[in-house]
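Please walk me through this model, one part at a time. I would like to see how the chains meet and what lies around the DNA.

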4 protein chains.
Amino acid sequence: MGVDFQPDKPIYQQLIDRLAGEIIRSIRKPGDKLPSVREYAVETGVNANTIQRVYREMEQMEIVQTKRGQGTFVTEENARLVSLREDMKQQYVEAFVKDMRELGFTTTEMIRGLEEYHDEQEDRDD
Amino acid sequence: MGVDFQPDKPIYQQLIDRLAGEIIRSIRKPGDKLPSVREYAVETGVNANTIQRVYREMEQMEIVQTKRGQGTFVTEENARLVSLREDMKQQYVEAFVKDMRELGFTTTEMIRGLEEYHDEQEDRDD
Amino acid sequence: MGVDFQPDKPIYQQLIDRLAGEIIRSIRKPGDKLPSVREYAVETGVNANTIQRVYREMEQMEIVQTKRGQGTFVTEENARLVSLREDMKQQYVEAFVKDMRELGFTTTEMIRGLEEYHDEQEDRDD
Amino acid sequence: MGVDFQPDKPIYQQLIDRLAGEIIRSIRKPGDKLPSVREYAVETGVNANTIQRVYREMEQMEIVQTKRGQGTFVTEENARLVSLREDMKQQYVEAFVKDMRELGFTTTEMIRGLEEYHDEQEDRDD
DNA sequence: GTGGTCTAGACCACT
DNA sequence: GTGGTCTAGACCACG
C-alpha cells in the first residue's frame, strides 16, 4: 500500500541523468561521439525535440561538445568530467537531505534508511 | 559548482511535506485541528484554493480528516500515522537511490556523501 | 482495494433518513413525541442547530408536526405516512438507477448486484 | 410526490461518472486519447480547471494515464479496467442498500422497486 | 499544443 | 465560520 506520489521526472532530465551516468562510469569516454539527435530519438522512443534539449543542456554543463556538422561528443576536457561526478553527487545529496529534513528525519535515520534499503536487495555489487 | 538545478516543487507539495513533517514530528498530534483553509492561506501567503488542495490531498492520504463545517483535523487513526513516517522515508530513499544509481554511485558513496554533507554543517543536533 | 469515493451524506440528511426509517418501521408511531432538540442533539452527539434543521425539514415533508411549547410529534395524518414510504422508495430508486445507467449498467445487472450483495451477507432477515 | 430532493452532484463528479461509464461501455478503449483539457472544457461548457480536476482524479483512480505534453489516455492496464466496472457497481449498490435499509426496506422490496421503475419506462433495451 | 499550478474572487452547503 | 466547487484568466514546463 502506501500512498502513491512522487511524479516522474521530466524525460529530458532522466536522459541527462542516464547519459551523465554513462559518462561518469566511462561507458562513454572523452572524445566519444554521441548518437545523432534522430538516432537517439528513435533509440529511446522520445521526441527529437526532447533529445535536442538534452544535448543542449549537457552542452551548457560542458560535459558534451557540439562540433558543427560532425555531431555531439563527450568533452575532452578531463577536469570537467572529474568534477562532474562530485558536482552531481553533491547536488542530489543536498536535495535529498533538504527534503528529508523537512519531513523531520535526522541524518542518522537517512543513513540507516539507505543501509536498510541496500540490505533488502541481494544482487548488488557494491 | 554545477549548472543544472532542480526546479522548485509546486507550492502545494511543499506545504504537504511541511505539514506531514510537523505531524511526523508530533508538532501536530492526532485530533489536533489544523488552521482553517483561509487562516492557513493568510499565514502562508498563498491562495486559499492552494490550501484547499493541500488539505484535500492529505485527506486522500488519510493523514488528515475533515469534519463538515468544523474544520480539518489530524487523523486519530494512529496506525496510519506510524506507517506514514516509514512510508515517506521509504519513498524518498528509494527515489534517491534510484537516481544515484543511474548516475553510477554505490550505496557506500551515497552514505559517505550524506556524512560529509552533514559534517560540513555545524549547528545540527543529530 | 478499490478506489475510495462516495463522500458522506450531510449529517442532517442521515438523521432525517434514520428518523424516517423509524417512523416507516413503526418504531415511532403517529402521535409519538420526538426527543426535544437538545435531548436529541446530546443523544446523537450533533450540534443542536443540525437537529433544528432535521425537524424543520421533516415538518415541511409533513411527517412530523410541531406543537408550540409541547414539542415535535409524528404526524397523526396517517395517509401521509403511508405515501411517505412509497415516496422515499421511489426517490432512492430513481437516483440509484440514474447513477447506474450513467455508468453503463443495465437494470438486470443492478438487480443481480443487489442479489449478490444480499447473498454475501448471512444474518439478514428478509 | 415528495418534498425532499437530492442536490446535484458536483460537476467534476458527474463528468468522472460519465467518462467512467464510457470507458466501462468500451466507448473509449484502452489506449484511446481523451480530449485535451481545453477541448473537453469547451465541449462540456465547463471551465478548464474543472476538467483538470476530472482528469487528475481519474488518474489517481488509475483508469486514465497522462503522458507529459501528449495528453491523457485511457489506461492500457486492462486488469484495472475490468475491476473498475465491478468496483463501481459494488460501491453504488452498497451505498444504495445501506440507505434503503436505514429506511426500513428489504432487499426484496428494493428489487421490486427497480423492476417497477424499469417497467414504467418503455424504450429501454435491457 | 499538452497538462499543471496558482490566483482572485464568487457562491454554496453544512454546522 | 468551516470546507467545497467553480470560474476566468495568467503563466509555466514539457514534448
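Which kind of link do the side chains of C:Arg85 and D:Glu109 meet in? The link is a salt bridge, 2.1 Å from N to O. A salt bridge here is a side-chain nitrogen of Lys or Arg within 4 Å of a carboxyl oxygen of Asp or Glu.

This is a predicted model, in which local features need pLDDT of at least 70 and side-chain atom pairs count only at pLDDT 80 or more, while totals for chains, interfaces and linings use all residues. Residues are numbered from 1 along each chain as its sequence is written, chains are lettered from A and ligands numbered from 1 in the order in which they are written, and side-chain values use heavy atoms, with hydrogens and water left out.

The pair named above belongs to the interface of chain C and chain D, where the rule finds 4 salt bridges. The rule also finds 6 residue pairs in polar contact across this interface, both residues being at pLDDT 80 or more. A polar contact is a pair of N or O atoms within 3.5 Å; within protein, one must be able to donate a hydrogen and the other to accept it, and residues adjacent in sequence count only if both atoms are side-chain atoms. On the side of chain C that touches chain D, the elements giving two or more residues are α1 (11-24), α4 (78-102) and α5 (107-119) of chain C. Of these, α4(C) gives the most, with 16 residues. Such helices and strands are DSSP runs numbered from the N terminus, a helix being H or I with at least four residues and a strand being E with at least two. By class, this side of chain C has 18 nonpolar, 15 polar and 18 charged residues. In this division Ala, Val, Leu, Ile, Met, Phe, Trp, Tyr, Cys and Pro count as nonpolar, Asp, Glu, Lys and Arg as charged, and the others, Gly among them, as polar.

In total, 51 residues of chain C are in contact with 52 residues of chain D, contact meaning heavy atoms within 4.5 Å. The size of an interface is often given as the accessible area lost when the parts come together. Between chain C and chain D the buried area is about 5,000 Å², and carbon and sulfur atoms give 61% of it. Buried area is the accessible area (1.4 Å probe) that two parts lose on being put together, summed over both.

Over all chains, a search of the whole structure finds 25 salt bridges. One of them joins B:Glu109 and A:Arg85, with the closest N and O atoms 2.1 Å apart. This pair crosses between chains, from helix α5 (residues 107-119) of chain B to helix α4 (residues 78-102) of chain A. A:Arg85 is partly exposed, at a relative accessible area of 22%. Buried means under 20% relative accessible area, exposed over 50%, and partly exposed in between (1.4 Å probe, protein chains only).

Other salt bridges stay within a chain. B:Glu22 and B:Arg28 meet in one at 2.7 Å, N to O; B:Glu22 counts as buried at 16%, and B:Arg28 counts as buried at 17%. In chain C, C:Lys89 and C:Glu86 form a salt bridge with their closest N and O atoms 3.6 Å apart. These two are separated by about one helical turn, because they are 3 residues apart in helix α4 of chain C. C:Lys89 is buried at 7%, whereas C:Glu86 is partly exposed at 37%.

Next come the DNA strands. Around DNA strand E there are 26 residues, and B:Ile11, B:Tyr12, B:Asn49, B:Thr50 and D:Gln52 come nearest. A residue is near a strand if one of its heavy atoms lies within 4 Å of it. A polar side-chain atom of B:Tyr12 lies 2.7 Å from a phosphate oxygen of strand E, and one of D:Gln52 lies 2.8 Å from a phosphate oxygen of that strand. The surface near strand E has 8 nonpolar, 13 polar and 5 charged residues.

Around DNA strand F there are 28 residues. Sugar and phosphate account for 66% of the strand F atoms that come within 4 Å of the protein. Bases are also approached: a side-chain N or O atom of D:Asn49 is 2.4 Å from a base nitrogen of strand F.
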